[in-house]
Amino acid sequence: MRLSKGQNTTLDATTVSVACRRRHQFGLDADLSALLLSAGAVRSDEDFVFYNQSHSADHTVQYHGTHAAGTMMTATISCDLARLDPHVEAIAFAISLDAPAGHTLTELGPLDITVTGSDGAALAEFTVSDLSTETAVVAVEIYRRNTDWKLRAIGQGYSDGLAGLARDFGVTIDDEPTSAPPPPPPHPGAAPVVPVAPRIDWTNPPVPAGYEI
C-alpha cells in the first residue's frame, strides 16, 4: 500500500523492517534512526537507536546499517513489535543529513520509505518529497492502537537537524564544555566526590565523525 502524507494503515505483521532508500551524493550522507516514545517522548538515551547505538535496551529495535546498490543507498532498522516494551507507545523513524552547513535533504532526492514483513514483502510505502530547507525529517511512525500496530506517514521536517528532533521528543539538550577545569582539592574531612558520567550533548554527541545531531 502506498501512503500519502498523513495517511495510516494497520500493519499485518509484528516483525517489520523500515528501510530508507535515497540517492548517493558525493560529500553528503544521511542517517536513519529510531526514537522509542512513551507519552510522546523518549524515556532515556537508550530509547534512541542509530548507527552508534545499534539496538534498544531489549534488542527489539535494531539498526542494520546502510548499504549501497549502484547509485542508491538504503538504511534499515528492524522491529520486533510483539516483544517491544509495553511502555513504548510509538516508534518514530527519522532521517538526518550529514553534510557541511548550507546543504539540505533535498539534494539526496526523494526519500523512499518501505516497510516490509518478515518474509520481505512490502506492507506499506511512503515517499518524502516535499522538503525544502530541512536537514532532518520524521518520515514515518509505528504506533499502538488498541491491540493493533499501525503505520502513519509523517513527513515532518526540521531545519535544525536532529537537535530539533531531540527537542520535540523530550531529549534534554545540554551544552557541554570542551574542557573542564580540574576540581578543587577536597576540604579535610569532606566526603569523597563520586564522578558522574556526563549526559549526552545532543548538539554535539560523542559519536564518530559523520553523524550530526
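In the predicted model, Arg167 has a relative accessibility of 47% and therefore counts as partly exposed, since this value lies below the limit of over 50% that is required for an exposed residue. The side chain of Arg167 takes part in a salt bridge with Asp160, in which the closest N and O atoms are 2.9 Å apart, and the side chains of Arg167 and Asp168 also meet in a salt bridge, with an N to O distance of 3.8 Å. Both of these distances satisfy the criterion of a Lys or Arg side-chain nitrogen within 4 Å of a carboxyl oxygen of Asp or Glu. With regard to the acidic partners, Asp160 is partly exposed because its relative accessibility is 39%, and Asp168, with a relative accessibility of 45%, is likewise assigned to the partly exposed class. Elsewhere in the chain, Arg43, Asp47 and Asp85 are joined into one network by salt bridges that share partners.

A search of the whole structure returns nine salt bridges. Among them is the pairing of Arg83 with Asp80, for which the closest N and O atoms are separated by 3.3 Å.

Two strand residues were also examined, beginning with Thr114, which is located in strand S8, a segment that comprises residues 111–116. The relative accessible area of Thr114 is 24%, and the residue is therefore classed as partly exposed, given that the buried class is restricted to values under 20%. When neighbours within four places in sequence are left aside, Thr114 is found in contact with Ser17, Val18 and Ala19, and also with Ala122, Ala124 and Glu125. A further relation across the sequence is given by Arg21, which lies 93 residues from Thr114 along the chain, while the C-alpha atoms of the two residues are separated by 8.1 Å.

The second strand residue, Ala69, belongs to strand S5, which spans residues 61–69. In contrast to the partly exposed assignment of Thr114, Ala69 counts as exposed because its relative accessibility of 54% falls in the range over 50%. For Ala69 and His24, which are 45 residues apart along the chain, the separation of the C-alpha atoms is 9.3 Å.

Notes
Residues numbered from 1 in each chain as written. Predicted model: local features only at pLDDT ≥ 70, side-chain atom pairs only at ≥ 80, totals over all residues. Heavy atoms only, no water. Helix = DSSP H or I, 4+ residues; strand = E, 2+ residues; numbered from the N terminus. Buried < 20%, exposed > 50% of the residue type's maximum accessible area, 1.4 Å probe, protein only. Contact = heavy atoms within 4.5 Å.
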